[in-house]
Amino acid sequence: MSIPIQEFRTVPIRDDLRQKRENGDVILDADGKKFAAHSVILASQSAILANHIEKQFEAQVFSSLISIQNFSRFKRKAKSKSNGRIELKTKLAAQTMRILLQLMYHEQVSAPLETIFDVLLAADKYRILHIVDCTGKSAINTKLTKLEH
């Protein structure tokens, strides 16, 4: 059974970012599955993710500066990078990450009822409060509707 998660309003997302998520500058690893996203989208909705992205970016810049001293070593290392993308490993299940990103990008999604709790926990972990609010309300409304019938 799938339930629609209530729509919420956040900062408007440009359609080109929404449609071309695979061109994102961040790779989120969930259960070994890679999800591309845009740092501007993630950081605008979660201070926790913004902090992780900033730390990874600083680490990449620092690593590159050290490597510039030996150009040939830098050249080899640059090729091994994932096209300048920042990679963040998470402890989320792949399905939870997929739904969370759909909510962040599209603001509305239908999801299996059994996944809502995991999405709530993930949104709470990353302090994406608008998702916590709308997902929690959707789950409560669904439970109440089931009890009435």
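A residue counts as buried when its relative accessible area is under 20%, as exposed when this value is over 50%, and as partly exposed in between. The legends below rely on these terms and describe a predicted model.

**Figure 1. The whole protein is built from seven helices and five strands.**
Of the 149 residues of the protein, 41% count as buried. Followed along the sequence, the elements appear in the pattern β-α-β-β-α-α-α-β-α-β-α-α. Among the contacts in the protein with a separation of 6 or more, 66% are between residues 24 or more positions apart.

**Figure 2. Three strands form an open sheet in the order S3-S2-S4.**
The pairing within this sheet is mixed. Strand S3 (33-37) and strand S4 (86-89) are the edge strands, as each of them pairs on one side only. On average, neighbouring strands of the sheet are turned by 25 degrees against each other, direction ignored. Strands of a sheet pair through backbone hydrogen bonds, either parallel or antiparallel. In which sense do S2 and S4 pair? Strand S2 (residues 26-30) and S4 pair in the parallel sense, over four bridges. Two positions help the reader to follow this pairing: Ile27 stands opposite Glu87 in S4, and Asp29 stands opposite Lys89 in S4. Helix H5 (residues 94-106) packs on the sheet and touches S2 and S3. The direction of H5 makes about 10 degrees with that of S3.

**Figure 3. The side chains of strand S4 alternate between two faces.**
In a regular strand, the side chains alternate between the two faces of the sheet. Which residues of S4 point to the buried face? Ile86 and Leu88 point to one face and are buried, whereas Glu87 and Lys89 point to the other and are not buried. For Glu87, the relative accessibility is 29%, so this residue counts as partly exposed.

**Figure 4. Salt bridges that share partners join Asp29, Lys34, Glu87 and Lys89 into one network.**
The side chain of Lys34 takes part in two of the contacts shown here. With Asp29, Lys34 forms a salt bridge of 2.9 Å, N to O. Are these two partners buried or exposed to some degree? Asp29 counts as buried because its relative accessibility is 8%, while Lys34 is partly exposed because its relative accessible area is 44%. Lys34 also meets the side chain of Glu87 in a salt bridge of 2.8 Å, N to O. This second pair links distant parts of the chain, with Lys34 in strand S3 and Glu87 in strand S4, 53 residues apart. The count for the protein comes to four salt bridges.

**Figure 5. Helix H6 (residues 113-125) has several buried residues, and Arg127 follows the helix.**
The buried residues of H6 are Leu113, Thr115, Ile116, Val119, Leu120, Ala122 and Ala123. After the helix comes Arg127, whose phi is positive, near 55 degrees. The side chain of Arg127 meets that of Asp124 in a salt bridge of 3.5 Å, N to O. Asp124 counts as partly exposed because its relative accessibility is 37%. Arg127 likewise counts as partly exposed, because its relative accessibility is 46%.

**Figure 6. A polar contact joins the side chains of His130 and Gln45.**
His130 is found in helix H7 (residues 129-148). How many residues lie between the two positions, counted as their separation in sequence? His130 and Gln45 are 85 residues apart in sequence, and their C-alpha atoms are 8.5 Å apart in space. The polar contact between their side chains is 2.9 Å.

**Figure 7. The largest nonpolar core contains 33 residues.**
Within this core, the residues that touch the most other members are Leu28, Leu42, Leu100, Leu101, Met104 and Ile131. The elements that give two or more residues to the core are S2, S3, helix H2 (39-45), helix H3 (47-68), S4, H5, H6 and H7. Which element gives the most to the core? Helix H5 does, with eight residues. Leu42 offers a close-up of the packing. With neighbours within four places in sequence left aside, Leu42 is in contact with Val26, Leu28, Ala37, Leu49, Ile53, Leu101 and Met104.

Terms used
Residues are numbered from 1 along each chain as its sequence is written. This is a predicted model: local features need pLDDT of at least 70, side-chain atom pairs count only at pLDDT 80 or more; totals for chains, interfaces and linings use all residues. Side-chain values use heavy atoms; hydrogens and water are left out. Buried means under 20% relative accessible area, exposed over 50%, partly exposed in between (1.4 Å probe, protein chains only). Two strands pair if DSSP finds at least two bridges between them. Axes are lines fitted to C-alpha atoms, for helices over the stretch in contact, and angles run from 0 to 180 degrees between N-to-C directions. Contact means heavy atoms within 4.5 Å. A polar contact is a pair of N or O atoms within 3.5 Å; within protein, one must be able to donate a hydrogen and the other to accept it, and residues adjacent in sequence count only if both atoms are side-chain atoms. A nonpolar core is a set of buried Ala, Val, Leu, Ile, Met, Phe, Trp, Tyr and Cys residues joined through side-chain atoms within 4.5 Å.
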